[in-house]
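Student: I'm new to this one and I'd like to find my way around it. Could we look at it together?

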Amino acid sequence: MTKPPKPKPLLQDPDKPVRSRPRKPRNPAQPNLPLDPMPDRIDPCLALLKQKPPKGPQWAFEVKWDGYRLAVHIEPSSVRILTRGGHDWTHRFPAIKLAAMWLPVGSAILDGEAVVLDEHGRSDFGLLQLSLGGRGGKQMSSDAIFMAFDLLYFDGHDLRNSELSMRRHLLEDLVSVVGHGDIRLSEEIEADGDQLLASACEHGLEGIIAKRRDAPYRSGRLGDWLKIKCIQSDGFAIVGYEKSSASFGGIGRLLLAARKGDELAYVGGVGTGFNERSAAELREQMDKLIIANPAVDTGRKRNAVFVRPELVAEIEFRAWTHDGKLRHASYKGLREAQDHAAVYEIE
């Protein structure tokens with residue numbers, strides 16, 4: 001039987017370490033691979049409210065999450081978590097920060113939503129606020145998770161000019177689809193928009209988001225992303241309240257306003273949705289803003305207290321009356337100033 005040939009050593013002297021050949025000096029005429037500077041902050045792409053889902057294969061659908069919009073900036077030596085308004089809330093989401101440090105990437109910017117899920121897996125804005133100590137609270141949330149739905153920067157490359165489909169491909173490689181952990185993927189759902197909306201509403205979700213697959217990432221509310229809600233919900237400025245000794249916090253009804261051009265317009269009130277704690281916190285905030293004369297014309301009101309329109313309330317409502325007032329409105333909570341919440345604009 002023939003013996004196999006004796007393997008040759010990689011080097012003539014087997015006691016010396018293996019080394020590659022000396023590297024040649026780089027030719028100055030050879031171009032460098034361009035790297036994009038990492039943006040310090042990116043204004044988010046915002047979804048435009050529509051009544052019905054769009055049609056066509058160019059639209060991708062996701063669940064609409066009800067929480068705080070955040071951008072997670074991952075750098076080689078640090079992680080920053082910024083709110084929609086650009087405020088640094090890294091210290092308030094330690095679990096999300098730790099999860100970001102473990103992602104297999106040197107530098108990245110993830111766009112997504114911090115949420116707290118209820119026992120049925122639905123995002124609950126009230127639970128999120130409670131985990132942070134209420135509006136204006138300073139607590140850290142150990143319950144919040146980050147639902148990532150876009151990737152804006154990845155290992156030295158700015159992806160904002162790339163199509164959504166390509167950004168999503170990279171995001172899905174980076175964030176696990178496994179349904180646990182403090183950073184999770186907000187998955188695209190292959191379905192007809194009308195059927196998906198009906199299913200979302202049936203399961204008690206807030207609604208769905210539609211995004212153009214071929215669109216770049218553009219800051220602002222430009223129509224590349226659309227939101228379709230099961231129940232209408234939006235932010236309204238609080239311009240006062242009517243007193244009531246029989247209600248939580250002495251608040252009989254909040255007086256609300258929307259934007260109309262450069263001014264505010266009265267859109268009615270809301271007297272439901274409060275509990276003892278939320279009403280007490282709300283009353284404390286409003287009593288710091290009391291003014292003598294109303295910021296908008298609310299008509300004649302009995303026992304009304306007027307406040308500067310600095311607080312933004314998230315209000316659920318079913319429809320509008322013929323004279324421009326909210327119908328079947330319910331109070332959901334106060335939006336944080338750092339969340340840069342927009343006040344509803346009347347077209």
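Tutor: Sure, let's go through the ring pairs, the charges over rings, the disulfide and the spaces inside, keeping in mind that this is a predicted model.

Student: Let's start with the rings. How many aromatic pairs does a search of the whole structure find?

Tutor: Two rings pair up if their centres lie within 6.5 Å. Searching the whole structure with that in mind, the number of aromatic pairs is 11.

Student: What kind of aromatic pair do Y68 and F125 form?

Tutor: Their ring centres are 5.7 Å apart, and the angle between the planes is 85°. Planes over 60 degrees apart count as edge-to-face. So the pair of Y68 and F125 is edge-to-face.

Student: And how many residues apart in sequence are the parts that this pair ties together?

Tutor: Y68 belongs to strand β3, which covers residues 68-75. F125 sits in helix α2, residues 125-131. The pair therefore ties together a strand and a helix, and their separation in sequence is 57 residues.

Student: Is Y68 buried or exposed? And what about F125, buried or exposed?

Tutor: The cut-off for buried is under 20% relative accessible area. Y68 has 1% relative accessibility, so it falls under that cut-off. F125 has 2%, so the word for F125 too is buried.

Student: Now F149 and W225. Which kind of pair do their rings make?

Tutor: The centres of the F149 and W225 rings are 5.9 Å apart. Their planes meet at 85°, so this pair is edge-to-face.

Student: Which strands does that pair tie together?

Tutor: Both F149 and W225 are buried. W225 lies in residues 225-229 and F149 in residues 145-154, so the pair ties together parts 76 residues apart in sequence. Those parts are strands β10 and β6.

Student: Which residues do ring pairs link into a cluster?

Tutor: We've already met two members, Y68 and F125, as an edge-to-face pair. Ring pairs link these two with a Trp and another Phe. The full cluster is Y68, W89, F93 and F125.

Student: Some charges sit over rings too, right? Over which ring does the charged end of R92 sit, and over which ring does that of K211 sit?

Tutor: For R92, the distance to the ring centre is 4.6 Å, and that ring belongs to W89. For K211, the distance is 3.9 Å, and the ring is that of W225.

Student: On to the disulfide. Which residues does it join?

Tutor: In general, a disulfide is a covalent bond between the sulfur atoms of two cysteines. This structure holds 1 disulfide. Its sulfur atoms are 2.1 Å apart, and the cysteines are C201 and C230.

Student: Where along the chain do C201 and C230 lie?

Tutor: The two are 29 residues apart, and the pair links distant parts of the chain. C201 is in helix α4, residues 193-202, while C230 is in the loop between β10 and β11.

Student: Which hand does the disulfide of C201 and C230 have?

Tutor: The ends of the bond are both partly exposed: C201 has 33% relative accessibility, and C230 has 25%. The torsion about the S-S bond is about -100°, so the disulfide is left-handed.

Student: What about open space? Which strand gives the largest share of the lining of the largest pocket?

Tutor: The largest pocket holds about 1000 Å³ of space. It is lined by 38 residues, and those closest to its centre are A47, R84, R221, K227 and D234. By class, the lining has 19 charged, 16 nonpolar and 3 polar residues. The largest share, 3 residues, comes from β10.

Student: And which strand gives the most to the lining of the largest cavity?

Tutor: The search finds 1 cavity of 30 Å³ or more, with about 110 Å³ of space in the largest cavity. Of its 14 lining residues, I42, P44, L70, A71 and T83 lie nearest the centre. Strands β3 and β4 each supply at least two lining residues. With 4 residues, the strand that gives the most is β3.

Technical notes
Residues are numbered from 1 along each chain as its sequence is written. This is a predicted model: local features need pLDDT of at least 70, side-chain atom pairs count only at pLDDT 80 or more; totals for chains, interfaces and linings use all residues. Side-chain values use heavy atoms; hydrogens and water are left out. Rings of Phe, Tyr and Trp (its six-membered ring) pair if their centres lie within 6.5 Å; planes under 30 degrees apart count as stacked, over 60 as edge-to-face and the rest as tilted. Buried means under 20% relative accessible area, exposed over 50%, partly exposed in between (1.4 Å probe, protein chains only). A charge sits over a ring if NZ of Lys or CZ of Arg is within 6 Å of the ring centre and within 35 degrees of the ring normal. On a 1 Å grid over the protein atoms alone, a cavity is a set of points where a 1.4 Å probe fits but cannot get out, and a pocket is an open set with protein on both sides within 12 Å along at least five of seven lines; lining residues have an atom within 4 Å of a point. Grid points are joined across faces, edges and corners, and a volume is the space filled by probe spheres set on the points. Ala, Val, Leu, Ile, Met, Phe, Trp, Tyr, Cys and Pro count as nonpolar, Asp, Glu, Lys and Arg as charged, and the others, Gly among them, as polar. A disulfide is a pair of cysteine sulfur atoms within 2.5 Å.
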